[in-house]
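Trainee: I should like to work through this structure with you, question by question. May we begin once it is in view?

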Amino acid sequence: MARERISQADEWQAWAQRYDIEGGIRTFESGLTGKVFFGALFVGLLMMPGSIYLSYVSGQSGAAAAPWVAVILFTELARRSFTTARRQELYMLLSLTGAAVGSGMQYRSFIWYAYFINTPQAASYEIADKIPAWVVPPGDSVGVLTRNLLHPDWLLPIGVFLLSKFLGTLRFVSGQYILFRLTADLERLPYPMAPITAQGATALAETTGKQETWRWQVFSIGSMAGLLWGFIYIGVPALSGVMMSQPIQILKIPWIDFTQSIEGFAPTGVFALRTDFGQMLFGFVLPFPVVMSEFVTAMLSQFVLNPHILYRNEILHQWEPGLDVRATGLFNDLDFWRSYGIGKTFSLGLVGMAASIPMIFKLRSSKKKAGERGSLATPPNRGDFPLWLMGLLWLIGMGGFVWLIHWMVPNFPLSFLLGFAFVYTPVNSYITARTYGVLGRDLFEIPYLHEITFILSRYEEIDIWFAPFPDEDYGAGTQGWRVLELTGTTFTSNLAATLLIMPILIISGILVQHFIWQIAPIPSAQYPFVQMMWPINATNECLMKTSLRDGNSEIIQAIRGDYVAAGFTSNLAIYGLLWVFKYPSMWFYGIVGGIGADPGSMVARLLGAIIGRFYMIKRFGLKRWFMFNPVLAAGFACGVGLIGMGTVAIALVSKAVIVKPF
Amino acid sequence: MEKLASFIIIVGTILWFVSVLFLGGSWQWQMFAALILTIGIFIAHFWEEFNEGKSKKDTRKDDN
């Protein structure tokens, strides 16, 4: 029987509707109350330190877990106090916690560059003495050698960071808001993925009411599973690390490497089983065709394409027997996959434009029929801001940012900075906002944009690689404003909360980084993930930052036009053939994600997808299972977060007070 | 238009295979194939968008 053709927009909307079990709300209330303020204090002083520490230990910041931990504790407090929590308050807390965890990661660059400046890689690539003082103090400075972020040596890097943070807040709040008004109010784009986030706050707000619903049961099941898994994966290594020099890992973090085991029949293939089985929850939630096609493509890449086509034809030529997943991956990347990946990304951009440009044409024609579109009128009491004011704030933020970069790298051509700031950024952001508005995801990205720019500018100093660049994208953030609208949270309260939490996070983040750095050198055995990954990251960073030096770039040399063309054309062909044979376009996104990737990193997600598809849906029914999904995932994240934060807190305290005699 | 788009896409795909297998994989031929594929994909999407209201009456079924 012939397959029915489904348009891409319809296809993605249909998936989004599975999660959208409630309509939007059109009455607005403030989410910022005294209770939320104290919740935010909790976030700033307890959750972010835990997430920073977790990121060093396991490579995961707990960014997904931390907000739910904060919210579940908040709702429990409300229940015990015989009061209720509104969904606006809970969403505000979710949002602030997410921002707190995310911003905690920004401070990590201080520690990274303090490590990087003294690495053998930085010395051998002659970078170490050329890293600007506004990034990190010199490698032999007291602030770096004594691991002391509070030393005056760090005043300049921290000062530059704070100024960037202030200007960035101006730009991102105003830029996102303007684009939200254009896409959500003027063009009435649906933002299909926004309701998913709103669902979590709804589920937990219900628990503080008089009647408990199924959501609380599902959330509790997820939480218990998360507690168990969190104890095995995070708790045991963290607690044993307090007492032993080498922490016990029941499951090796972050993966078990089988690359050398498969090299007999699949030379150049990589397979490192990622041991974070919490990823199964993503497998439950993600569309089954995406997970399956991603895994199958990755298996074909590593067991057929790499060993039997690319290796035999000497395209992958640097590999030698006995290499582990990191070295094999690096060589394969340099030999072929980096070039192929550039072409692949360009094909994604083109496919995105091919899908969105006809939509723009259609919207224009349908605008004349529908009276709703084309109006910038706002719903009452939403807490909107004057567009001219936001435009002015964006101009101030971006103007100041360009000035700051010009001060950092005075010899870099100003015209490039102005072009990126005032032409590229608005256009790029608008395209992304539209793809989020229609498809709920980003589809447009130009790879190696900085490298191409630096080549065109003929600027050869290395300091430009350390400076921020004004090629920004506010499009993804517009979805957050849509979630605010769906949860009925006033925009003014969100802005006030953002400004309120910022100083707390700035101060607590720097203090905690200082404290964690004081406990043990980073990387060291106490922080197994960074000990494994940072040396290879240092090599990669050296390769990247010297890629244009003297026109003798290892990376530029590794980029071959025929491989880039192969990546571009083959992916267009895959997309086209899927369309011709009427297969869902999301297969394409799975295939693109899987080409050249390590299938071992996808096993847990695949297990989750298979269990969901072949057991859970039959057990609960499709609609109920997709109602349970986000709540179960939230519960699991909450359980892992609770155990993670608890054990990490014990480890932090113990390491702070126990002096080992050996 | 649907058949035209399908035909162009298939021609582009065949040309890409030919360029890789028999023309040494030169980037020029590959990009020529990409140009043909791009035209086919754009025609496909324009046809899909502007044909949507005519052909689609009912909502799709889940394929999970």
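Trainee: Which exposed residues does the face of helix 1 of chain B turned away from its buried side carry?

Mentor: Please keep in mind that this is a predicted model. The buried residues of helix 1 of chain B include B:I8, B:G12 and B:W16. On the face turned away from that buried side, the exposed residues are B:K3, B:V18 and B:L21.

Trainee: How wide is the arc that the buried residues of helix 1 of chain B cover around the axis?

Mentor: The buried residues in this helix are B:A5, B:I8, B:I9, B:G12, B:T13, B:L15, B:W16 and B:S19. An α-helix has 3.6 residues a turn, so residues three or four places apart point the same way. The buried residues lie on the same side of helix 1 of chain B, because the arc they cover around the axis is only 160°.

Trainee: How far apart are the end C-alpha atoms of helix 1 of chain B?

Mentor: Helix 1 of chain B has 20 residues, and at 1.5 Å a residue it should span 28 Å. The model agrees with this expectation, since the end C-alpha atoms are 29 Å apart.

Trainee: Which helix of chain B supplies the largest share of the side that touches chain A?

Mentor: Chain B has two helices and zero strands. Contact between the chains involves 30 residues of chain B and 30 residues of chain A. Helix 1 (2-21) and helix 2 (27-55) of chain B each supply at least two residues of the touching side. The largest share, 17 residues, comes from helix 2 of chain B.

Trainee: By class, how many residues of the side of chain B that touches chain A are charged?

Mentor: That side of chain B has 14 nonpolar and ten polar residues. The charged residues there number six.

Trainee: What percentage of the residues in chain B is buried?

Mentor: A residue counts as buried if 20 or more other C-beta atoms lie within 10 Å of its own. Chain B has 64 residues, and the buried share of them is 36%.

Trainee: Turning to chain A, is A:E126 buried or exposed?

Mentor: A:E126 is found in the loop between helix 6 (120-124) and helix 7 (142-145) of chain A. Its phi is positive, about 60°, although A:E126 is not a glycine. A residue with 12 or fewer C-beta neighbours is exposed. A:E126 has 12 other C-beta atoms within 10 Å and is therefore exposed.

Trainee: How many C-beta neighbours does A:E314 have inside 10 Å?

Mentor: A:E314 lies in the loop between helix 13 (288-310) and helix 14 (325-367) of chain A. Its phi is also positive, near 60°, and A:E314 is a residue other than glycine. A:E314 counts as exposed because its C-beta neighbours inside 10 Å number 8.

Trainee: Which residue does a cis peptide bond join to A:I522?

Mentor: Omega of this bond is about 0°. The partner is found in the loop between helix 19 (491-519) and helix 20 (528-545) of chain A. The residue joined to A:I522 is A:P523.

Trainee: How many of the nine residues of helix 23 of chain A are buried?

Mentor: Helix 23 of chain A spans residues 586-594 and is mostly covered. Among its buried residues are A:F588, A:Y589 and A:I591. The number buried is seven.

Trainee: Over which residues of chain A does pLDDT stay under 50?

Mentor: Chain A averages a pLDDT of 81, and 83% of the residues score at least 70. The stretch under 50 has six contacts beyond four places in sequence in the model. That stretch is residues 368-374.

Notes:
Residues are numbered from 1 along each chain as its sequence is written. Chains are lettered from A and ligands numbered from 1 in the order in which they are written. This is a predicted model: local features need pLDDT of at least 70, side-chain atom pairs count only at pLDDT 80 or more; totals for chains, interfaces and linings use all residues. Helices (H or I, at least four residues) and strands (E, at least two) are DSSP runs, numbered from the N terminus. Two residues are in contact if their C-beta atoms, placed from the backbone, lie within 7 Å. Ala, Val, Leu, Ile, Met, Phe, Trp, Tyr, Cys and Pro count as nonpolar, Asp, Glu, Lys and Arg as charged, and the others, Gly among them, as polar. The expected span of a helix is 1.5 Å times one less than its number of residues. The arc is that of the directions from the helix axis to the C-beta atoms. pLDDT is the predictor's confidence in each residue, from 0 to 100.
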